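Please look over the model shown here before reading on. The report starts with a single pairing inside a sheet, then widens to the whole protein, and ends with one loop residue.

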Amino acid sequence: MGRIWVIETRDRVGQDAELAGWVANRRDHGKLIFIDLRDRSGVVQVVFTPKQGQLYEAAQRLRSEWVVRVRGMVKERPADMVNDAIPTGRIEVEPIELEVFNESQTPVFALDTDGYEIGEENRMEYRYLDLRRPRLAKNLAARHRVTQFVRNWLTEKGFLEVETPVLTKSTPEGARDYVVPSRLYPGKFFALPQSPQQYKQLLMTAGVEKYFQLARCFRDEDTRGDRQPEFTQLDLEMSFVEREDVMALNEELLIALIHKLYPEKKIQEIPFPRLSYEEAMKQYQTDRPDLRKDKDDKDLLAFCWVVDFPFFERVAGPVHPEAVAEGQPRYTFTHNPFSAPKPEHRGWLIHQEHIGEILTTQYDVVLNGMEIGGGSIRNHKAHDLKAVFEVMGFSEQRIRDNFGHMLRALTYGAPPHGGIAWGFDRLMSLLQNEPNIREVIAFPKTGDARDLMMDSPAELEPRQLKELHLKTEK
């Protein structure tokens, strides 16, 4: 007989069952010892009585969070002992074997609460304990179900899941890169990807046509509320599509996901309402409007699309001072330098006219006042992409150095393409009714980008610095 999940005991009345897990708590009622045995699937009550002799004596030693194996008979509880608040509340286990795999120190905080009352730094330092609480275990399981649903749904639609590199090249895409020194090439550095943006476009150039990935992304940003140094995107890209095609597919996926995995939630409006950037700013003073009619309803989901964003915005100071002539207007992109303008504005981009009026094919999907995804149709011609960097004031040399590989690839028959990236952690936090993304990430960093559990970032040994041809200053 092999081990079964705790949740399976409810269907095993009158049968032997072997269980393994953690002692969630122990209660002594007179001479009876009650143990709540917990595994990932739930908890079940195990009852020890004095007539069990040595087994009973062993049970007297048990403490919270000890790891044990129990074998016993599954029985119905007495009517006055039924607990309908848990799935196994109508049964209990009468043990015939008990094995202690490992003892545990007393946990530094309670594990049978939702954990919100505990200081976050304490929870982050002992995250392996924090993850034992049912709320976080439920969040991890929900995240798994969502990723599996998305993978299967996109696979049925003809998408291929392709992994892209984590060691790449530093290119200016908006945020600051995390950089990795090269031991073999002194003075040169890899960068961790802020997103797979360039790789997924190169996959379209390679003929993959439909790509997706649950991608790890890295941005070395200053502390900004609900952000993490590393996070997850659902990233996808499609060839031979227009804006409407990408938006329609993503809307269909989001609706299917909610209906299948979150049937208790109500989508306020289908199809999703659509606002232009100008309309959103005029009506709601934000490009992430919360359209819920009842903001007290935690299960109400108000999706909307925001489209027709300005491609460029003026900046007060030079973005790249070495590349911009004195007195020349200075611009940066609002979302993504690889986006294509709306077709009717392509001529303005090529001739660098009416720059402030150029609208991009960017589309953002918003949920309950939070942007959960953004994408665009891309510039698939080298000439058009080069024009974007020229508008931003990049010199010819800088364009070649930073983006020569992309421009070269687009000259080899790149198809029209576009895609989107979901902020997967943010979506999960909304679906799970959590206050921030750290509650749906297994091992998050603190708000100031530290890992208290691993005590990182940390200093390197002098030997390592020497191998990397680096010196540090204090």
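In this predicted model, residue F212 has L236 as its bridge partner in strand β10. F212 itself belongs to strand β9, where E161 stands opposite it as well. Strand β9 therefore deserves a closer look, because seven of its nine residues, which span positions 210-218, are buried, so that the strand is largely enclosed by the rest of the structure. To follow this reasoning, it helps to know that a residue counts as buried when its relative accessible area is under 20%.

How is β9 joined to β10, and how many bridges are there? Nine bridges link β9 to β10, a strand made of residues 230-239, and the two run antiparallel. Strand β6, which consists of residues 160-161, is joined to β9 by two bridges, and here the strands run parallel. The table sets these two pairings side by side.

| Strand paired with β9 | Bridges | Direction |
|---|---|---|
| β6 (residues 160-161) | two bridges | parallel |
| β10 (residues 230-239) | nine bridges | antiparallel |

As a general point, the side chains of a regular strand alternate between the two faces of the sheet.

Turning to the protein as a whole, the model contains twelve helices and 19 strands. The protein has 474 residues, of which 47% count as buried, and its C-alpha atoms fill a box of roughly 90 × 60 × 40 Å when this is taken along the principal axes. Among the contacts with a separation of 6 or more, 65% are between residues that lie 24 or more positions apart in the sequence. The protein exposes about 24400 Å², and carbon and sulfur atoms supply 50% of that area. Its charged side chains comprise 65 positive and 75 negative ones, and the centres of these two sets lie 2 Å apart.

The last topic is a residue in a loop. Q352 is found between α8, which covers 346-351, and β17, which covers 363-367. Is Q352 buried, exposed or partly exposed? With a relative accessible area of 34%, Q352 is partly exposed, because that value falls between the 20% limit for buried residues and the 50% limit for exposed ones. When its neighbours within four places in sequence are left aside, Q352 is in contact with A387, E390 and V391. Q352 and E390 are 38 residues apart in sequence, while their C-alpha atoms are 8.6 Å apart in space, and the side chains of Q352 and E390 make a polar contact at 3.2 Å.

Terms used:
Residues are numbered from 1 along each chain as its sequence is written. This is a predicted model: local features need pLDDT of at least 70, side-chain atom pairs count only at pLDDT 80 or more; totals for chains, interfaces and linings use all residues. Side-chain values use heavy atoms; hydrogens and water are left out. Buried means under 20% relative accessible area, exposed over 50%, partly exposed in between (1.4 Å probe, protein chains only). Helices (H or I, at least four residues) and strands (E, at least two) are DSSP runs, numbered from the N terminus. Two strands pair if DSSP finds at least two bridges between them. Contact means heavy atoms within 4.5 Å. Accessible areas come from the Shrake-Rupley method with a 1.4 Å probe; for residues, only the protein chains shown count as cover. Lys and Arg count as positive and Asp and Glu as negative; His and the chain ends are not counted. The place of a charge is taken as NZ of Lys, CZ of Arg, CG of Asp or CD of Glu. A polar contact is a pair of N or O atoms within 3.5 Å; within protein, one must be able to donate a hydrogen and the other to accept it, and residues adjacent in sequence count only if both atoms are side-chain atoms.
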